[in-house]
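Morning, everyone. Please bring up the model on your screens and keep the sequence beside it.

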Amino acid sequence: MSPESKKLFNIIVLGISFMFIFTAFQTCGNIAQTVITNLNNTDFHGSGYTSMSIIYGVFSASNLVSPSVVAIVGPQLSMVVSGIFYSLYIAVFIQPATWAFYTASVFIGIAAAVLWTAQGNCLTVNSNENTIGRNSGVFWALLQSSLFFGNLYIYFAWQGKTHISESDRRTVFIALTVISLVGTVLFFLIRRQEDTKTPGEEDSANEQVICFPRSAQNKLTRAVAAFKKSIKLGFTKEILLLSVTTAYTGLELTFFSGVYGTCIGAVNRFGSEEKSLIGLSGIFIGVGEILGGGIFGLLSKNNRFGRNPVVMLGIVVHFIAFYLIFFNMPNNAPIASMEGTNDVAYMIPSKEVAVLCSFLLGLGDSCFNTQLLSILGFLYSEDSAPAFAIFKFVQSICAAVAYFYSNYFLLQWQLLIMVIVGFFGTITFFAVEWEAAAALAARGSDYSSI
């Protein structure tokens, strides 16, 4: 197998592994608050929103040290151990206990930081400036396929149900735990890159030392160096500008992965389909994510205009979705009780509009995330682990804040916050992309290759 084929193989295995793990985790996150609402008449008194706030809060703090962990342990083992913690979190729902639920939330926050830093490192190591767009798209499309499979099961299994029984819950979460473990095992198939350097591949070779560290190197020195790089990169102009864009992805991640499904499940006017519609919503979010990853990732080589048009499309699509959600969903849907809500917004709640908005949320999210992965891999090919750690730090801390206020804020205020941050995040992304294009032109490279 040629070196390029081996790199593409690694990207595909990486994407499939994440697909399995996040088939389990994202389905879990999508239904967690609904399941917990049905548990709150028992001895269990947890909150799905609070759990996610803990996860993303710990996630954000852990990103400060995750590059050091990856530098010492290596990304492959880092991802395997992280995958085990994801599986343990999901397994908590088989027999829920409040203390175990919140404890697992802390551990998965740490594991998530290590997992995503290692992922960014390996994505960059197995790419160059000509393939980073394609590889980002391949990975993103495979990852977001996870939204399709788990939610398809939820749609059919919960059809016609207004209450989730103990048997229903256990069956779902046992299956999700097994799926997560399968994805964890698949990380072992990622192949090591040879420590060779060919002309024009100096950056990649430098990264290989980080991706698969040799015992002869001083691990403590590398860990300290990785931490210092993270701090230094965090104050560069490009990272500060991209942080606004990243903050928006954290807010909308919270909305489409946790809040929107809860809103749909709380609308009593959807009748007996309200719970199964959560699964259908997740499926169409996944369809939007996969479509976006395929079009804007795989076809990036033919995009002579760069990343800005894709991000512009993403924000327009999201604004349309927010407008329709505002008209379609009751204002108190995110914080409704177990009995749901009978309120009406500015139109009679429509299942078709609700599912269309799910698709638009997924499509817009893929526009932002594929382009952020691409520009980070392009700008920081030699510092991928610290750069991706900062990306996840900002994204996760904003997701934590959003999950926290989702316990209290009405729908209209949550939508308004996303509109404001999304507008400024788009502008700051444009500024960084224009500078990247100018730098590329100065080197005499073809802008369409990014």
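Start with Arg191. It lies over the face of Phe9, at 4.6 Å from the ring centre. Here is the rule for a charge over a ring: NZ of Lys or CZ of Arg must be within 6 Å of the ring centre and within 35 degrees of the ring normal. Now look at Lys392. It lies over the face of Trp116, at 4.0 Å from the ring centre.

A word on the source. This is a predicted model, where local features need pLDDT of at least 70, side-chain atom pairs count only at pLDDT 80 or more, and totals for chains, interfaces and linings use all residues. Residues are numbered from 1 along each chain as its sequence is written, and side-chain values use heavy atoms, with hydrogens and water left out.

Next, rings against rings. Rings of Phe, Tyr and Trp (its six-membered ring) pair if their centres lie within 6.5 Å; planes under 30 degrees apart are stacked, over 60 edge-to-face, and the rest tilted. How many aromatic pairs does this rule give? The count is 30. Take Phe25 and Tyr86. Their ring centres are 5.1 Å apart and their planes stand at 80 degrees, so this pair is edge-to-face.

Where do these two sit? Phe25 is in helix α1 (residues 3–39), and Tyr86 is in helix α4 (residues 75–91). They are 61 residues apart, so to speak of distant parts of the chain is fair. By helix I mean a DSSP run of H or I with at least four residues, numbered from the N terminus. Buried or exposed? Phe25 and Tyr86 are both buried. Buried means under 20% relative accessible area, exposed means over 50%, and partly exposed is in between (1.4 Å probe, protein chains only).

Now a stacked pair: Tyr56 and Tyr403. Their centres are 5.7 Å apart, with 15 degrees between the planes. Tyr56 lies in helix α2 (residues 48–62) and Tyr403 in helix α15 (residues 384–405), so the pair ties together parts that are 347 residues apart in sequence. Tyr56 has 11% relative accessibility, so it counts as buried. Tyr403 is at 2%, and counts as buried too.

Some rings join up in a cluster. One aromatic cluster includes Phe18, Phe22, Phe25, Tyr86 and Trp116. You have met Trp116 already, with Lys392 over its face.

On to charged pairs. A salt bridge is a side-chain nitrogen of Lys or Arg within 4 Å of a carboxyl oxygen of Asp or Glu. How many salt bridges does a search of the whole structure find? Two.

One joins Lys237 and Glu435, with the closest N and O atoms 2.6 Å apart. Lys237 is in helix α11 (residues 237–266), Glu435 is in helix α16 (residues 411–442), and they are 198 residues apart. Lys237 is partly exposed, at 48% relative accessible area. Glu435 is partly exposed as well, at 34%.

The other joins Glu433 and Arg307, at 2.8 Å, N to O. Glu433 lies in helix α16 and Arg307 in the loop between α12 (276–298) and α13 (308–328), so the pair ties together parts 126 residues apart in sequence. Are these two buried or exposed? Glu433 counts as buried, at 0% relative accessibility. Arg307 is buried, at 1%.

Now the empty space. On a 1 Å grid over the protein atoms alone, a cavity is a set of points where a 1.4 Å probe fits but cannot get out; lining residues have an atom within 4 Å of a point. Points are joined across faces, edges and corners, and a volume is the space filled by probe spheres set on the points. There are six cavities of 30 Å³ or more. The largest holds about 350 Å³.

What lines the largest cavity? It has 25 lining residues, and Phe22, Gln26, Tyr56, Trp116 and Leu253 lie nearest its centre. Helix α1 gives the most, with five residues. By class, the lining has 15 nonpolar, eight polar and two charged residues. Ala, Val, Leu, Ile, Met, Phe, Trp, Tyr, Cys and Pro count as nonpolar, Asp, Glu, Lys and Arg as charged, and the others, Gly among them, as polar.

Last stop: Val244. It lies in helix α11, and at 28% relative accessibility it counts as partly exposed. Val244 and Val421 are 177 residues apart along the chain, and their C-alpha atoms are separated by 7.3 Å.

Terms used: Helices (H or I, at least four residues) and strands (E, at least two) are DSSP runs, numbered from the N terminus. On a 1 Å grid over the protein atoms alone, a cavity is a set of points where a 1.4 Å probe fits but cannot get out, and a pocket is an open set with protein on both sides within 12 Å along at least five of seven lines; lining residues have an atom within 4 Å of a point.
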